[in-house]
Amino acid sequence: EKGNFEHYMLKEIFEQPRIVKDCMRGRIDLKVGQISLEGLKNHTKQLKAAKRILIVGCGTSWHAGLIGEYLIEEYARVPVEVEYASEFRYRNPVIGEDDIVIAISQSGETADTIAAINLAKLNGATILSVCNVVGSSIPRLSDGVVYTHAGPEIGVASTKAFTAQVTVLTLMALFMAQNRGTITSSQLIELQTELSTITSKMQTVLDVNKAVKEIAKRISAFGNCLFLGRGIGFPVALEGALKLKEISYIHAEGYPAAEMKHGPIALIDANMPVIFIATKGPSYDKVISNIQEVKARKGNVIAIATEGDKILKEIADEVIEIPAVNECFLPLLAVIPLQLLSYYAAVMRGCNVDQPRNLAKSVTVE
Ligand code: F6R
């Protein structure tokens with residue numbers, strides 16, 4: 001049921017704080033300071049010994065995988081590779097018994113992801129999955145599963161399933177770090193404490209969505225849009241671009257901001273809106289110079305910024321503020337305005353938001 005919302009997608013965007021909270025319930029224990037993940041309980045040995053982790057998925061789930069890579073490498077210090085399930089499937093990948101494959105899928109029925117799992121299984125790898133639909137094919141093929149518990153996602157464009165996947169991957173990264181001893185218990189408590197406040201920050205981001213509506217109106221008039229970010233902000237840029245193209249049919253691309261000078265900068269003129277993930281963090285100064293490069297070429301800059309940022313108010317055309325947050329949890333906040341932007345842009349363009357043309361909720365063909 002859509003309740004008071006005009007579309008399922010909007011309802012699902014607004015459900016996110018609650019979903020993320022549910023997703024952490026019983027898995028975070030601030031008193032004991034431990035992460036517990038039922039689905040990984042029988043695989044602690046493999047996780048501890050793992051020399052490499054491979055993440056596979058498609059579309060939005062693949063973007064969640066890129067965030068997972070960042071988090072697992074940051075906290076658990078294991079090398080991670082992220083692959084499109086469809087590409088992994090059609091080459092001759094080097095994979096064996098010592099490898100752990102994490103398959104990410106909302107539906108649990110994506111044919112390419114299933115094929116990748118089968119290939120990895122054939123080579124003896126341990127298969128763990130991050131799934132939303134309980135009892136679907138992917139969990140059944142896996143050795144261990146961590147469910148996202150986001151509830152049924154009706155809108156074809158994935159929103160709440162994505163933030164739930166990112167939440168689960170954050171917990172998995174911390175779980176692995178705890179097992180491998182790559183994190184101190186005080187760090188672990190600190191991170192869990194911060195993580196448990198993320199949902200109220202997500203709510204704050206949702207509450208400012210009026211500003212986003214105005215910006216969406218401007219974007220809806222353009223035929224193209226660039227999304228740029230660095231570090232953990234890069235997969236967020238990719239996800240923002242995918243959302244915009246799939247529901248509003250505006251051509252959009254996500255790029256690491258530093259790659260702009262190697263080609264995409266040629267596209268910049270007064271008709272090219274550029275959305276930057278420009279929050280305070282390790283790459284803030286670099287992103288500011290990237291923004292100046294775009295401004296010098298008359299591009300239209302929309303910045304996702306940390307609350308109270310005065311510099312961006314000066315140099316960007318539009319600013320969307322989000323609360324300050326640990327860099328590792330940034331995607332959970334920064335993706336929300338991008339989801340809303342594409343939602344409102346699509347509505348303004350008269351598109352069928354919940355059922356965009358040519359797309360199906362689960363892609364069961366290879
Ligand atoms: C984008 C979207 C798709 C899916 C992809 C994988 O909004 O919904 O890109 O993310 O088809 O689907 P799952 O996660 O069900 O394997």
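**Ligand environment and selected loop residues**

An oxygen atom of the ligand is placed 2.7 Å from an N or O atom in the side chain of Ser-107, a polar contact being a pair of N or O atoms within 3.5 Å, where, within protein, one atom must be able to donate a hydrogen and the other to accept it, and residues adjacent in sequence count only if both atoms are side-chain atoms. The model is predicted, so that local features require pLDDT of at least 70 and side-chain atom pairs count only at pLDDT 80 or more, whereas totals for chains, interfaces and linings use all residues. Residues are numbered from 1 along each chain as its sequence is written, and side-chain values use heavy atoms, with hydrogens and water left out.

Two further polar side chains approach oxygen atoms of the ligand. For Glu-246, a polar side-chain atom lies 2.5 Å from a ligand oxygen; for Lys-243, the corresponding distance is 3.0 Å. Taken alone, the ligand exposes 410 Å², of which the protein buries 89%; accessible areas come from the Shrake-Rupley method with a 1.4 Å probe, and for residues only the protein chains shown count as cover.

The ligand occupies the space of the largest pocket. On a 1 Å grid over the protein atoms alone, a pocket is an open set of points with protein on both sides within 12 Å along at least five of seven lines, in contrast to a cavity, where a 1.4 Å probe fits but cannot get out; lining residues have an atom within 4 Å of a point. A molecule sits in such a space if more than half of its atoms lie within 2 Å of the grid points. Two or more residues of the shell around the ligand are given by each of α4 (59-76) and α12 (233-248), helices (H or I, at least four residues) and strands (E, at least two) being DSSP runs numbered from the N terminus.

In total, 14 residues surround the ligand, and the closest are Ser-61, Ser-105, Gln-106, Thr-110 and Glu-246; a residue is near a molecule if one of its heavy atoms lies within 4 Å of it. The shell comprises four nonpolar, eight polar and two charged residues, where Ala, Val, Leu, Ile, Met, Phe, Trp, Tyr, Cys and Pro count as nonpolar, Asp, Glu, Lys and Arg as charged, and the others, Gly among them, as polar.

The loop between β9 (251-256) and β10 (273-277) contains Glu-259, and Gly-263 and Ile-268 are also placed between β9 and β10. Ile-268 is buried because its relative accessible area is 8%, the limits being under 20% for buried, over 50% for exposed and in between for partly exposed (1.4 Å probe, protein chains only). Glu-259 is partly exposed at 36% relative accessibility, and Gly-263 is partly exposed with a relative accessible area of 36%. The C-alpha atoms of Ile-268 and Gly-299, 31 residues apart along the chain, are separated by 5.6 Å. For Glu-259 and Asn-290, also 31 residues apart, the C-alpha separation is 9.8 Å. Gly-263 and Glu-307, 44 residues apart in sequence, have C-alpha atoms 31 Å apart in space.

Backbone geometry was also examined. Most residues other than glycine have a negative phi. Arg-77, although not a glycine, has a positive phi of about 55°; Arg-77 lies in the loop between α4 and β4 (80-84) and counts as exposed because its relative accessibility is 58%. Lys-298 likewise has a positive phi, near 65°. Lys-298 is found in the loop between α13 (284-296) and β11 (300-306) and is exposed at 61% relative accessibility.

Two other sites complete the description. Ser-142, in the loop between α7 (137-141) and β7 (144-147), counts as buried at 13% relative accessibility. The side chain of Ser-142 reaches the backbone oxygen of Ile-138 at 2.6 Å. Arg-89 belongs to helix α5 (residues 85-89) and is partly exposed, with a relative accessible area of 27%. Between Arg-89 and Asp-112, 23 residues apart in sequence, the C-alpha to C-alpha distance is 7.3 Å.
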